[in-house]
Amino acid sequence: MNQRNLDGNSIIIRLEMTTKDIKFGEVASAISEAGGDIIAIDVISTNQDVSVRDLTVAVTDSQDNSKIIDAVRELKGVSIVNVSDRTFLLHLGGKIEVTPKTPIHNREDLSRVYTPDVARVCSAIADEPGKAFSLTIKRNTVAVVSDGSAVLGLGNIGPRAAMPVMEGKAMLFKQFAGVDAFPICLDTQDTEEIIRTVKAISPAFGGINLEDISSPRCFEIERRLNEELDIPVFHDDQHGTAVVLYAGLINALKLVGKSITDVKIVVCGIGAAGVACSNILLSAGASRLIGVDREGALVRTQTYESEVWTDYAARTNPELETGSLRDVIRDADVFIGLSRGNLLSREDVQSMAADPIVFAMANPVPEIMPAEVEDIVAVMATGRSDYPNQINNVLCFPGMFRAVLDCRATEINEEMKLAAAKAIAAAISDEERSRYYIIPSVFNDKVVKAMRNRIVEAAVKTGVARRVPREQTRESEEL
Ligand SMILES: NC(=O)C1=CN([C@@H]2O[C@H](COP(=O)(O)OP(=O)(O)OC[C@H]3O[C@@H](n4cnc5c(N)ncnc54)[C@H](O)[C@@H]3O)[C@@H](O)[C@H]2O)C=CC1
Ligand SMILES: CC(=O)C(=O)O
Ligand SMILES: [Mg+2]
C-alpha cells in the first residue's frame, strides 16, 4: 500500500456517465490529476446510453475531496449522483447493537425470560446479591464511561461527540476478548456527579472502564470509585496506555542495548496518560525521567497549581533541567509523546542521543509523523493502526477485562498491570524482534489469552480474585 493510502480516507463517488459524451479513461485521468487514486470500480447499471458506477477513491485529506469532486463535476457527460465517505458510512446508525442470546418463540419462553418466571430469579438475587454475577449480564459486561472532556487528542468535545470512540471500544472488547461493553457518555463534567452516576449504574457491570476524562479530575474520579465500588475501575488512558508503553519499551531497549535504569526519558504531556506512563517507568527502575507540559519541563524548584504536577516534579527530573521541550530533549535516549500532534521537529530528534527511541503516541495525529524521522531513529512507534509498532491501549483493555471478569476481581492492582505488560512484551521472541516489530499486533490472538492467564495468576496471588476460573490451571500449563 502506498503512503497516500496509509495517510488518508477514501470516498465513494457514484456517477452517471453519458456514453456518447465521455469515456471512463477521461474520468480516471481527471481524478488522478486532482490527486486521487481509484482503488475500486463497481458498475451499478449500464445500457447503451448511460452507465452508473461507484468509484472508490483514496484521498489524503478533506481538501483533496473537494478538488476531486470539482474535477469530476467539470467533465462534460458526467453527473455526480452522490458522494459518500466510507468511514462515515461505517458509523451510520452507530456501530453496535444488543442481541438476545435465545429467541422467544412462544408464551412459555416469554414466561421464562420475563414475567412471571423471571420473578423467581429476581428473588434469588435479592436473597443473595452475589448471584448477580451468575444470573445477569454482570459477569461479562463492562461500562465504558466518558464525559467527553479529553477525547483522543481532540480535547473537550463533549459526550455526544465522544460516542463513536466509546462504541469503537465496545466493538474491540467483544471482538478481541468476548467481553460485552456498553458505551456510556455522561452529560456532566462535575467530579462528584460523575462519581455518583457511575456508582448508581454499577450493579449491572462487572467492571468500569473510564475513558477520555481529562486530568486532573480523572485521578480523583478513579481513586474514589475504586474505594467505593467492589468491582474494578480502570482509567484506560492512564493504566492501559502505561501497560502497553512499558511492554513496547522493554523490547525497544533490548534492540538498542540500553537499560531502563540508565536512559534519559522525556515524557511530553503530563496529563492522564503521561502521569501513568511515567509512574510505570519509575516503578520499573527509570531514574532519569523528565516531564514536559505546555509551560516546559516540570521541576521541583517551581510551584504548580496542580497537586499532581507538584507530586510529579518531586519524583522526577533529578538533574533539575529547565526550559522547553526543545531544551530538555537534547541527549535524551527516549521520547514519549502523550500530548498533541506535531509538537516535535526533526531537529529535536537530531539532538537526541545515539539510537533514539521515539514513541509519538498522541491520537489521531502523533507528535511527529514517522516519515519525518524514519531515517534517523532506531525505533519509532505511534498510537495509530496504520504504521508499524502501534503503542495503543487497545492491546491492553480486552485482555485485562477478560481476566478480571473471569476471576471476578475486586480491583486491578500494580502486580496485575505489570503481569499484563510482561505478557504483551513476551509475545515477541528474540528472533522476531526488530525496529518494526517491538509490540505484537492487536490481531495476534495469543496475546489476550497469555495476558488473561498471567493477570488472573497475579490477582489470585494478591488476594483480589473472588474465584479461580476452572480452565486457569490447564491453560497456564499450555503457555
Ligand atoms: N496511544 C495510546 O494508547 C493513547 C494515546 N493517548 C493520547 O495522548 C494524548 C493525551 O491524552 P490524555 O492524557 O488522555 O489527555 P490529557 O488532557 O489528560 O493530557 C494531555 C496533556 O498534554 C498537555 N499538552 C497539550 N499541549 C501541549 C504542548 N503544546 N506541549 C506540552 N504538553 C501539552 C496538556 O496540558 C495535558 O497535560 C492524546 O493525544 C491521546 O490521544 C492517550 C491515551 C492512550
Ligand atoms: C487510544 C486512546 O485511548 C486515546 O487516544 O485516547
Ligand atoms: Mg482514550
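This is a working chat about a predicted model, its metal site, its ligands, its core and a few single residues.

Reader: Let's start with the metal, then: which protein donors does the magnesium ion (ligand 3) have?

Author: The protein donors of the magnesium ion (ligand 3) are Glu 211 through OE, Asp 212 through OD and Asp 237 through OD, and these lie 2.0 to 2.1 Å from the ion.

Reader: And what spacing do the donors follow along the chain?

Author: Along the chain, the donors of the magnesium ion (ligand 3) follow the spacing E-D-x24-D.

Reader: Are Glu 211 and Asp 212 buried or exposed?

Author: Both Glu 211 and Asp 212 are buried.

Reader: Moving on to ligand 2, which residues surround it?

Author: Ligand 2 is surrounded by Leu 152, Glu 211, Asp 212, Asp 237, Asn 363, Asn 392 and Asn 393, and Glu 211, Asp 212 and Asp 237 in that list are also the protein donors of the magnesium ion (ligand 3).

Reader: How far is an oxygen atom of ligand 2 from the side chains of Asp 212 and Asp 237?

Author: For Asp 212, an N or O atom of the side chain is 3.1 Å from an oxygen atom of ligand 2, while for Asp 237 the corresponding distance is 3.0 Å. Asn 393 also takes part, with a polar side-chain atom 3.0 Å from an oxygen atom of ligand 2.

Reader: What about ligand 1, which residues come nearest?

Author: There are 25 residues around ligand 1, and of these Ala 272, Ala 273, Asp 293, Ile 391 and Asn 393 come nearest. Asn 393 is therefore listed around ligand 2 as well as around ligand 1.Reader: Which polar contacts does an oxygen atom of ligand 1 have with the backbone?

Author: A polar backbone atom of Gly 153 is 3.2 Å from an oxygen atom of ligand 1, and a backbone N or O atom of Ala 272 lies 2.9 Å from an oxygen atom of that ligand. On the side-chain side, an N or O atom of Arg 294 is 3.2 Å from an oxygen atom of ligand 1.

Reader: New topic, the largest nonpolar core: which residues touch the most other members?

Author: That core has 103 residues, and Ile 208, Ile 265, Leu 281, Ile 336 and Phe 359 touch the most other members. Its largest share, 11 residues, comes from helix H11, which spans residues 236-256.

Reader: What does Phe 359 touch, leaving out residues up to four places away in sequence?

Author: With those left out, the contacts of Phe 359 include Leu 245, Gly 248, Leu 249 and Ala 252, as well as Phe 335, Ile 336 and Ile 391.

Reader: How many disulfides does the structure hold, and why does Cys 218 not bond to Cys 277?

Author: The structure holds 0 disulfides. The closest cysteine sulfur to that of Cys 218 is in Cys 277, and because the two are 12 Å apart they are too far for a bond.

Reader: Is Cys 218 buried or exposed?

Author: Cys 218 counts as buried, because its relative accessibility is 1%, whereas Cys 122, at 45%, counts as partly exposed.

Reader: Last one: where does Gln 390 lie?

Author: Gln 390 lies in the loop between strand E14 (379-382) and helix H17 (397-406), and it counts as buried because its relative accessibility is 19%, under the 20% cut-off. A polar atom of the Gln 390 side chain lies 3.0 Å from the backbone oxygen of Gly 383.

Conventions
Residues are numbered from 1 along each chain as its sequence is written. Chains are lettered from A and ligands numbered from 1 in the order in which they are written. This is a predicted model: local features need pLDDT of at least 70, side-chain atom pairs count only at pLDDT 80 or more; totals for chains, interfaces and linings use all residues. Side-chain values use heavy atoms; hydrogens and water are left out. A disulfide is a pair of cysteine sulfur atoms within 2.5 Å. Buried means under 20% relative accessible area, exposed over 50%, partly exposed in between (1.4 Å probe, protein chains only). A nonpolar core is a set of buried Ala, Val, Leu, Ile, Met, Phe, Trp, Tyr and Cys residues joined through side-chain atoms within 4.5 Å. Helices (H or I, at least four residues) and strands (E, at least two) are DSSP runs, numbered from the N terminus. Contact means heavy atoms within 4.5 Å. Donors are N, O and S atoms within 2.8 Å of the metal (3.2 Å for Na, K and Ca); water is not among the atoms, so sites may look incomplete. A residue is near a molecule or strand if one of its heavy atoms lies within 4 Å of it. A polar contact is a pair of N or O atoms within 3.5 Å; within protein, one must be able to donate a hydrogen and the other to accept it, and residues adjacent in sequence count only if both atoms are side-chain atoms.
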